[in-house]
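Trainee: Please take me through this entry and, for each label you use, show me how its value meets the definition.

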2 protein chains.
Amino acid sequence: MSDSERDHRLSRRGLLGLAGAGAAGLAIGGGIGAGATATAFGAASATDSGTHYPFYGTHQAGIVTPAQDQLHFAAFDMSAGATRADLVSLLADWTAAAARMAQGLPIGDGAVDSDLLAPADDTGEALGLPPNGLTITFGYGPELFVDATGTDRFGIASRAPALLTPLPRFAGDALVPASSGGELCIQACADDPQVAVHAIRNLSRIAFGRAALRWSQLGFGRTSSTSTTQVTPRNLFGFKDGTANIKAEQTPAVDADVWVAAADDPAWMAGGSYLVARKIRMVIENWDHAQLGEQQRVIGRDKGQGAPLSGGTEFTDPDFHATTADGATKIDHHAHVRLAHPDFNRGVRLLRRGYNFVDGNDDLGRLDAGLFFISFQRSPEQFIAVQRNLATDAMNEYIKHVGSAVFAIPPGARAGQSIGASLFG
Amino acid sequence: MSDSERDHRLSRRGLLGLAGAGAAGLAIGGGIGAGATATAFGAASATDSGTHYPFYGTHQAGIVTPAQDQLHFAAFDMSAGATRADLVSLLADWTAAAARMAQGLPIGDGAVDSDLLAPADDTGEALGLPPNGLTITFGYGPELFVDATGTDRFGIASRAPALLTPLPRFAGDALVPASSGGELCIQACADDPQVAVHAIRNLSRIAFGRAALRWSQLGFGRTSSTSTTQVTPRNLFGFKDGTANIKAEQTPAVDADVWVAAADDPAWMAGGSYLVARKIRMVIENWDHAQLGEQQRVIGRDKGQGAPLSGGTEFTDPDFHATTADGATKIDHHAHVRLAHPDFNRGVRLLRRGYNFVDGNDDLGRLDAGLFFISFQRSPEQFIAVQRNLATDAMNEYIKHVGSAVFAIPPGARAGQSIGASLFG
């Protein structure tokens with residue numbers, strides 16, 4: 001049997017076979033180094049990407065991993081009546097499935113399928129596609145630990161991170177419950193949307209009876225670089241975004257501002273991080289009617305090259321004191337680049353990893369579009385400080401925050417262990 | 001000034017400059033042959049695609065063009081009070097902008113921008129990205145010719161194609177007005193969603209005051225091949241889709257079944273086609289719980305390779321008479337492959353060009369996902385005949401048609417002419 005034949009066969013094992021699948025994933029995954037690029041198997045076309053990242057590791061993948069092009073983000077709530085055992089088993093099953101998908105393998109045991117009387121383990125739409133750099137990142141929302149009624153449903157209230165509380169209300173928030181909150185999250189990123197969607201769909205399917213989708217979001221066109229090897233992309237305002245983002249190669253900054261340290265509380269979060277998601281609708285039409293000078297004033301950079309208005313090129317540090325002949329600062333006091341800059345946030349930095357989104361259009365014919373902001377930080381306080389500082393951001397005239405969520409991102413799982421191992425010990 | 005510098009500059013000309021932009025597009029486009037692949041300019045990363053297709057030609061691009069990976073489809077209605085002159089100028093402005101975008105050029109005259117007091121011609125989010133195979137295909141809906149009140153708003157009722165009428169109601173239709181109909185359509189396809197979205201957004205912007213978005217749809221993971229050079233993709237049922245699709249290389253079939261012929265009525269449609277769009281929601285969860293054997297019975301093919309259940313490999317012709325030992329046909333009488341097959345539709349074939357979609361999830365935690373079906377045919381009657389035959393399709397248990405629209409696709413524009421030239425003469 002050739003590899004190609006094997007890849008196209010479907011498993012006959014039902015969902016109960018996932019524990020076994022975990023072991024298989026381990027055996028195969030053991031030989032692949034961090035960040036390595038494997039040869040695509042069953043590549044469907046010359047443009048497919050065989051890049052893959054191992055699921056297991058000290059940290060979860062999908063944080064400092066070079067930002068892929070496509071996102072499917074999903075928030076889940078545990079089902080009514082779900083038990084601690086359900087949560088533990090769900091995290092184990094998710095882990096096993098994620099480890100296989102990250103290698104481009106179908107969920108299940110990969111055996112020849114001869115059982116037509118059971119549902120297939122894998123829904124199939126990614127069969128034949130290479131991994132496309134798929135990363136799957138899991139997180140816990142505040143209400144997983146203590147729900148809205150104050151109940152400790154899963155016996156983990158005592159292990160709740162003190163930092164993990166719903167975000168405060170910010171000036172101008174117009175949050176919609178249908179795109180906010182969640183007891184669990186999964187961030188799936190890949191260079192092919194079909195691969196990211198396949199991951200969320202199959203993980204939702206595995207959760208059936210234990211947890212259900214609360215909300216989900218597709219995104220495209222990463223709006224930040226997370227590696228110095230990447231060029232700076234543009235968001236739907238048409239400006240380069242994330243020029244000053246923390247990059248994976250900046251190890252001191254990553255250690256200081258992204259990863260929870262061993263000395264931080266709680267100890268089980270060491271090597272983890274906190275994820276903030278904000279769905280930010282852009283008022284596209286107003287923006288598009290704004291003069292170029294107004295747009296550049298709002299951002300504080302020029303639109304063509306992304307250079308700060310104080311001069312230089314994209315990566316020149318902004319000079320917030322530089323003035324024009326008439327004495328005004330070249331970079332407006334309410335410019336986004338100024339209010340978001342570490343110099344005006346006591347040095348606070350975030351690792352941003354957002355995506356553009358377009359969810360069709362509204363009844364008035366306006367594109368329902370914007371930025372699905374994601375940031376990772378050692379503490380949600382970092383995001384809160386910056387977001388508070390943005391209360392007077394000139395950009396606020398053109399945006400509306402409609403979704404909000406925060407999750408504790410546990411450290412990575414060791415090969416063969418569940419992503420839940422750190423929490424459940 | 002290097003090409004790279006030029007590409008990053010923004011035009012200072014306002015939207016009124018678009019007529020001039022058309023001429024510039026012509027001058028540059030003249031040197032590029034049909035289907036040629038040009039070198040990317042300003043390529044942002046190694047995975048970007050510099051493939052480009054000329055906008056001008058005998059037929060519109062985006063029909064027999066090898067199906068790109070990503071879709072942004074938009075339906076528009078003319079604004080209240082819009083005149084014939086508005087429609088004529090809109091089509092001319094759209095043409096000029098489309099011709100530039102197809103080459104990866106920003107909308108406008110591409111000159112250095114020194115005018116900060118005007119909105120930029122181009123919204124900017126595709127600056128620096130190569131064309132990514134962008135095609136932009138325009139069409140006219142039935143109500144552009146005669147609106148719902150029977151009014152000939154634009155003086156073109158006498159030129160309406162007799163074949164262009166709203167589709168009849170089909171068994172099981174559950175159509176939603178918010179994803180149906182439209183007086184104009186634009187199909188933007190590209191290998192990068194940011195490029196397709198940029199096109200629809202800028203064309204919407206150009207339409208401001210003359211036409212407005214009625215509905216729009218993003219899609220990914222083309223669900224058909226339109227060229228023998230492409231492998232067969234999978235839809236969200238996890239099965240290969242479009243194995244028996246008309247391919248661009250099958251010139252006799254394309255001429256017989258896709259292009260309106262010179263002898264057809266009306267004459268101005270010669271070289272054009274008709275586009276049918278159907279938004280088909282898949283009841284994903286029911287499907288995912290179905291046994292593999294049931295899924296294969298519904299489709300009539302095996303899931304792994306896509307071979308017909310009568311035997312062979314993917315491209316083996318189905319044998320609808322082959323029987324099992326107990327005398328039943330190997331391919332069920334209600335199998336999709338049988339009811340959609342030309343043998344059961346008096347030889348009728350369609351050129352399918354659909355995409356998968358995921359629009360988040362519903363309140364019950366089910367993915368709002370499915371197939372955005374697009375087909376091109378010489379007459380809408382071809383689609384109608386096949387769709388009527390699918391009334392007893394076993395697949396109907398797992399799908400729901402929620403959107404529907406039909407458009408006349410005029411022939412391609414000659415370089416420097418408007419896409420509206422064939423209609424307005």
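## Labels and their grounds

Trainee: How many residues of chain B are in contact with chain A, and what makes two residues count as being in contact?

Mentor: 57 residues of chain B are in contact with 57 residues of chain A, where contact requires C-beta atoms, placed from the backbone, within 7 Å. This is a predicted model, in which local features need pLDDT of at least 70 and side-chain atom pairs count only at pLDDT 80 or more, while totals for chains, interfaces and linings use all residues. Residues are numbered from 1 along each chain as its sequence is written, and chains are lettered from A and ligands numbered from 1 in the order in which they are written.

Trainee: Which elements of chain B supply at least two residues of the side that touches chain A, and how is that side divided by class?

Mentor: They are α5 (193-207), β4 (211-222), α7 (284-289), α8 (292-299) and β7 (355-361), named as DSSP runs numbered from the N terminus (helices H or I, at least four residues; strands E, at least two). β4(B) gives the largest share, 9 residues. By class, this side of chain B holds 23 nonpolar, 23 polar and 11 charged residues; Ala, Val, Leu, Ile, Met, Phe, Trp, Tyr, Cys and Pro count as nonpolar, Asp, Glu, Lys and Arg as charged, and the others, Gly among them, as polar.

Trainee: Why are the two copies said to be related as by a two-fold rotation axis?

Mentor: Chain B superposes on chain A by a rotation of 180 degrees with 0.0 Å of shift along its axis, at an RMSD of 0.0 Å, the fit being by least squares on C-alpha atoms of residues with pLDDT of at least 70 in both. The two copies are thus related as by a two-fold rotation axis. The same surface serves both, since 100% of the contact residues of chain B recur in chain A.

Trainee: Why is β9(B) called largely enclosed, and what makes β5(B) its partner?

Mentor: 9 of the 11 residues of β9(B) are buried, so the rest of the structure largely encloses this strand; buried means 20 or more other C-beta atoms within 10 Å of a residue's own, exposed 12 or fewer, and partly exposed in between. Strand β5 (residues 273-282) of chain B is mostly covered as well, with 9 of its 10 residues buried. Strands pair if DSSP finds at least two bridges between them, and β5(B) has 10 bridges to β9 (residues 399-409), running antiparallel. Among these, M282(B) is partnered by I399(B) and K279(B) by G403(B). β5(B) also has 8 bridges, again antiparallel, to β8 (residues 367-377) of chain B, where F373(B) is the partner of R278(B).

Trainee: How do you know that A80(B) is exposed?

Mentor: A80(B) has 7 other C-beta atoms within 10 Å, and is therefore exposed. Its place is the loop between β1 (70-78) and α3 (84-101) of chain B.

Trainee: What shows that the span of helix α3 in chain A agrees with expectation?

Mentor: The expected span is 1.5 Å times one less than the number of residues, so the 18 residues of α3 (84-101) in chain A should span 26 Å, and the end C-alpha atoms are indeed 26 Å apart. This helix, α3(A), is mostly covered, with 13 of its 18 residues buried.
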